[in-house]
Amino acid sequence: MEGEIEPKMGNCVICGVECEKKCASCHRVFYCSVEHQRDGWKSHKKSCPVYRICHDGTIGRFLVATRNIKFGDVVLKEAPLVVGPSQLTAPVCLGCLQEVNERTMIKCAKCGWPMCSKDCQEAPNHAEECKLSAARGGVTIEHFVAPHPIYQCILTLRCLLMEQSCPEKWEKISQLESHNDRRKDSQQWLSDREYVAKFIPKFFKIPERWKEEEIMRILGIVYINGHEVPLTDPAYVAIYATASFFEHCCCANVAKSFTDSGDVVFWAARDIKKDEHLSICYTDALWGTQARQEHLQQTKMFSCMQLNVKLSAKLVLLDAMGCYCQKDRWRGPRSGCVVNANEKLHANTFEELVEKAGHDAVEMKESLRGCQEFLRKYEKILSPNHFIMCDVKCVMGQKIGEGNPQELQNIPMDMLEMKGKLCNEMLELFALLAPAENRSHGCMHFELHAALAEMARRGAECGIDCKDILEKSLWHAQKATQWLEKEPSVLVEGKNLCQAKINVNSLKIVLKMHNPST
């Protein structure tokens, strides 16, 4: 049975009297009377969250909307409790978390860890492990290859050190789920025990400071609650307090973005009604069923029931094989593959085909020509909406002209039309399967806008009235700004946002010239 996690009594924020009445929206702020609630609302409404934290015996803690939320409204903006490198990473600066190598790095003067600058060796997030490393005689990194095993322990170590250095954050981290009961004795768990839980006390020469069970508990919290933040190369991992309560849904209603400083921003990817569960997608929304389930099971310790029930009809678009034949046809029960009725193919045949297609896609989608060759090679083997085909189509749609006006001017008209066709196909698929994938939506709207703008330019040179095409281009540019509005400037999506805003203004000027009276 689900229930809200909230205090029953509190002090009125106006007069301080203990009372039971609380804000009807967030249930967190108390008022002793209607008059005091009215007096306090003007200041409280700025901080009143649009969600409340609830609990269910099956899914644990989750968030529910306390009022209707409009598309684009911010649901939660939160700074990280702790940040650190991912477990599998090349050497990175422990200040800014950017990759370093033997030519670019400097050694921290106090502890020896590779850093990118003198400023970074004084970074607050490096301070505690710096003291610990210096006390054990320093750290020496000689091999700058990926992955470097010593970095496996850093984020877990940073969490552990907060117990003394920042008790308030430590308390919030400690309350998060570790799911160690489910992880225990798995291959990953055994590896973590050996190379993290046993490594930290031995390497840092502090055998009595933390018990193995405590290190494994914190490592489990890092695994289950870590968010990959793509602001550095390679991406780093951050742990947030409330952000961990968003439940998984393959058709999520909340999108996730980051600020340039690493704060996470969750916002409504569609209109959300009061009392709806707030959800994000923990996997890549265009993966196939098997890949999604494996990812969820390995990283979050659960399987998604939607993949087996509600979403199965949609996901067949991403999983289905093609194998078209001219005569009688038979549909295989697992793959959706259509083959000759007299020929029975085993399931592992399909899996091998998909595996080979996946390897080919990785190599061939590096270039536009490779994308074209891949689609020609597999169009009669994979269905048009198979997840690997969709992946290549997305890449190809962006590679045609690269969204650059100068490049677009030089491509043949048939390729320009192909770009528009691919973008339209992907946007339809995103709307069905990935309603909260803001970067995918935004970038595809941006690419389609660019293609339409170039079509209109060519038409105008031939004396054709292209007002309708210009209006469509403007519409997609505006959609791009809506979907990418909260993307950080350091990412490609943030750069597309800046360009889309410029292009919106330019298109409005051009359209006004078509209609000088408006």
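These legends describe close-up views of a predicted model.

**View 1. The largest nonpolar core and the residues at its centre of contacts.** The core holds 74 residues. Trp 113, Ile 200, Phe 246, Phe 266 and Leu 278 touch the most other members. Helix α3, residues 154-165, gives the most to this core, with seven residues. Another core lies apart from it and has 45 residues. Phe 374, Phe 387, Met 396 and Met 426 are among the members of that other core.

**View 2. The surroundings of Trp 113.** Neighbours within four places in sequence are left aside here. The contacts of Trp 113 include the aliphatic residues Leu 94, Ile 106, Val 139, Ile 141, Ile 150 and Ile 154. Tyr 151 and Cys 108 are also in contact with Trp 113. So are Lys 107, His 126 and Ser 133.

**View 3. Glu 129 in helix α2.** Helix α2 spans residues 127-135. Is Glu 129 buried or exposed? Glu 129 has a relative accessible area of 1%, so it counts as buried. Its side chain makes a polar contact of 2.9 Å with the side chain of His 126. Beyond four places in sequence, Glu 129 touches Leu 94, Ile 154, Leu 157, Arg 158 and Leu 161. Leu 94 and Ile 154 appear again here, having been listed as contacts of Trp 113. His 126, the polar partner of Glu 129, is a contact of Trp 113 as well.

**View 4. Strand β14 and its two partners.** Strand β14 covers residues 264-268, and five of its five residues are buried. In a regular strand, side chains alternate between the two faces of the sheet. Val 264, Phe 266 and Ala 268 lie on one side of β14. Val 265 and Trp 267 lie on the other. Both faces are covered. Strand β6, residues 74-78, pairs with β14 in the antiparallel sense over four bridges. Leu 76 stands opposite Phe 266 in that pairing. Strand β13, residues 254-258, is also antiparallel to β14 and is joined to it by five bridges. Here Val 254 stands opposite Ala 268. The hairpin of β13 and β14 has five residues between the strands. Within this hairpin, Gly 262 takes a positive phi near 100 degrees.

**View 5. The β4-β5 hairpin.** Three residues connect the two strands. Strand β4, residues 51-56, runs antiparallel to β5, with six bridges between them. Arg 52 faces Val 64 of β5 across the pairing. Strand β5, residues 60-65, is mostly covered, with five of its six residues buried. Cys 54 has 3% relative accessibility and counts as buried.

**View 6. Cys 281 and Cys 250.** How many disulfides does a search of the whole structure find? The count is zero. Cys 281 is in no disulfide, and the nearest cysteine sulfur, that of Cys 250, is 5.1 Å away. A disulfide here requires sulfur atoms within 2.5 Å. Cys 281 is buried, with a relative accessible area of 18%.

**View 7. Helix α16 and the glycine just after it.** Helix α16 runs over residues 438-461 and has 24 residues. From its first C-alpha to its last, α16 reaches 35 Å. That is close to the 34 Å expected at 1.5 Å a residue. Of its 24 residues, 18 are buried, so the helix is largely enclosed by the rest of the structure. Just after α16, Gly 463 takes a positive phi of about 80 degrees.

Conventions:
Residues are numbered from 1 along each chain as its sequence is written. This is a predicted model: local features need pLDDT of at least 70, side-chain atom pairs count only at pLDDT 80 or more; totals for chains, interfaces and linings use all residues. Side-chain values use heavy atoms; hydrogens and water are left out. Buried means under 20% relative accessible area, exposed over 50%, partly exposed in between (1.4 Å probe, protein chains only). A nonpolar core is a set of buried Ala, Val, Leu, Ile, Met, Phe, Trp, Tyr and Cys residues joined through side-chain atoms within 4.5 Å. Contact means heavy atoms within 4.5 Å. The expected span of a helix is 1.5 Å times one less than its number of residues. Two strands pair if DSSP finds at least two bridges between them. A polar contact is a pair of N or O atoms within 3.5 Å; within protein, one must be able to donate a hydrogen and the other to accept it, and residues adjacent in sequence count only if both atoms are side-chain atoms.
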